[in-house]
Amino acid sequence: MPDFVFTSKTMFGLLAICAAFAVSVAATPLAGKLAAKCGCFDQPDGARKLHKVPVPYFGGLAILAGFVCSVVIFSFVMLGTIPQNIAVMVIGGMSICFVGVMDDMYDMPALLKLFFQIAVSAFTACFGGAIEYTTILDKTIVLGAFSVPVTVLWMVLIINAVNLIDGLDGLASGVSALESFALLVTSLIMGNTVCMIASAALCGAVLGFLPFNANRATIFMGDAGSMFIGYVMACISVFGLFKAQALFSIVVPALIFALPILDTVLAFFRRIAKGQSPFKADRSHLHHKLIDSGFTPKQSVIVIYCASAVFCVASILFMKYKILSGVLVLADLVLLEIFKHWRWFFGGKEKPSPQKAPAENAEKSG
């Protein structure tokens, strides 16, 4: 495994971030105006959607524009062509973003949305590359006939993980920026140029959108943005990290996406345990728990940023310092539990889950 050094690839990665950032910053106000013309707004409901006034969607279109422009330009600059993986990523990303736009406009049924997620993921696995093998504890596992189904399952999980964490102003965009930067660093360490270009482009595009999305948000990314971001990050992990012949091939992506994955898996089983549909939205996600514990929405976002940053740092450190990484992860999980139930830990009573939370901004969440 090569060490990370500042090379021409690093410089081009930074330039790719800047290019995507510039396009995203310029495109976000335009996307908001388009949403307003289409009448596509997220309406507050006083329960999960806590913003005071309707906020336009379509922020995902600006993120898509920043990503596509940067990834295409720097593919030509660095590789002289657009690799098949990048082409598949762009086509699949545009497709999943379109599905998200339709959902933002017409509130698509959950099962229909899931069908399209599976279809786009299957297209990616078949034409971009599936997880044919991975390595656990220095043992290589060849998936064989299960490679496509496992790839589709992983991609759908990441797509929905980003979608479900999109519950407060700037939350999903900030966490995604951290995760895409971690993917960029790991791609540089591994020497994977394709994944490096894609990670840098995604990181810059999300960072360009973040100032408009931070509290109080003037535009939301909507399902178009959250599903697109989740799809691209899933592609990067499939095309790069899972293909590595090393111990970290499965551990590193699991660590990078640990926070949204945990939130998604817990939500899935929590809803089933309550006899609800796993696709039924509720108010029991991590950010809801923090707010119910007495944190403001801004404070909750900062807490989750910090927790996500620790997971991302742990994923990078795991490549060389496995024990240290494990200590970081364990400490992070313990601190999150303390934050979620801090009143109980310090002898007080937890704030009951309100039907109507304080009037602060919050994005569409699942």
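**Entry 1: Phe269 and its surroundings**

I started with Phe269, which counts as exposed because its relative accessibility is 53%, and the cut-off for that word is over 50%. A reminder to myself: this is a predicted model. I then looked up where Phe269 sits, and found it in helix α10, residues 258–273. Next I asked which residues make a nonpolar surface patch with Phe269. They are Val265, Phe268 and Ile272, and the patch comes to about 350 Å².

**Entry 2: the core**

From the surface I went inside. The largest nonpolar core has 97 residues. I wanted the members that touch the most others, and got Phe67, Met89, Trp154, Phe228, Ile229 and Tyr231. I picked Ile229 for a look at its contacts: leaving out residues up to four places away in sequence, Ile229 touches Ile63, Val162, Ser176, Leu202, Val206 and Met221.

**Entry 3: ring pairs**

How many aromatic pairs are there by the ring-centre rule? I count four. In one of them, Phe67 and Phe228 have ring centres 5.5 Å apart and planes at 75°, so I noted the pair as edge-to-face. Phe67 belongs to helix α2 (residues 59–79) and Phe228 to helix α8 (residues 222–239), so this pair ties together parts 161 residues apart in sequence. Are these two rings buried or exposed? Phe67 is buried at 0% relative accessibility, and Phe228 is buried at 0% too.

I also checked Phe115 and Phe116: their ring centres are 5.5 Å apart with planes at 65°, so that pair is edge-to-face as well. Here Phe115 is exposed at 51%, while Phe116 is partly exposed at 30%.

Note on methods
Residues are numbered from 1 along each chain as its sequence is written. This is a predicted model: local features need pLDDT of at least 70, side-chain atom pairs count only at pLDDT 80 or more; totals for chains, interfaces and linings use all residues. Side-chain values use heavy atoms; hydrogens and water are left out. Patches are made of residues with over 30% relative accessible area and no salt bridge: like charges are joined within 9 Å, nonpolar side chains (Val, Leu, Ile, Met, Phe, Trp, Tyr) within 5 Å. Accessible areas come from the Shrake-Rupley method with a 1.4 Å probe; for residues, only the protein chains shown count as cover. A salt bridge is a side-chain nitrogen of Lys or Arg within 4 Å of a carboxyl oxygen of Asp or Glu. Helices (H or I, at least four residues) and strands (E, at least two) are DSSP runs, numbered from the N terminus. Buried means under 20% relative accessible area, exposed over 50%, partly exposed in between (1.4 Å probe, protein chains only). A nonpolar core is a set of buried Ala, Val, Leu, Ile, Met, Phe, Trp, Tyr and Cys residues joined through side-chain atoms within 4.5 Å. Contact means heavy atoms within 4.5 Å. Rings of Phe, Tyr and Trp (its six-membered ring) pair if their centres lie within 6.5 Å; planes under 30 degrees apart count as stacked, over 60 as edge-to-face and the rest as tilted.
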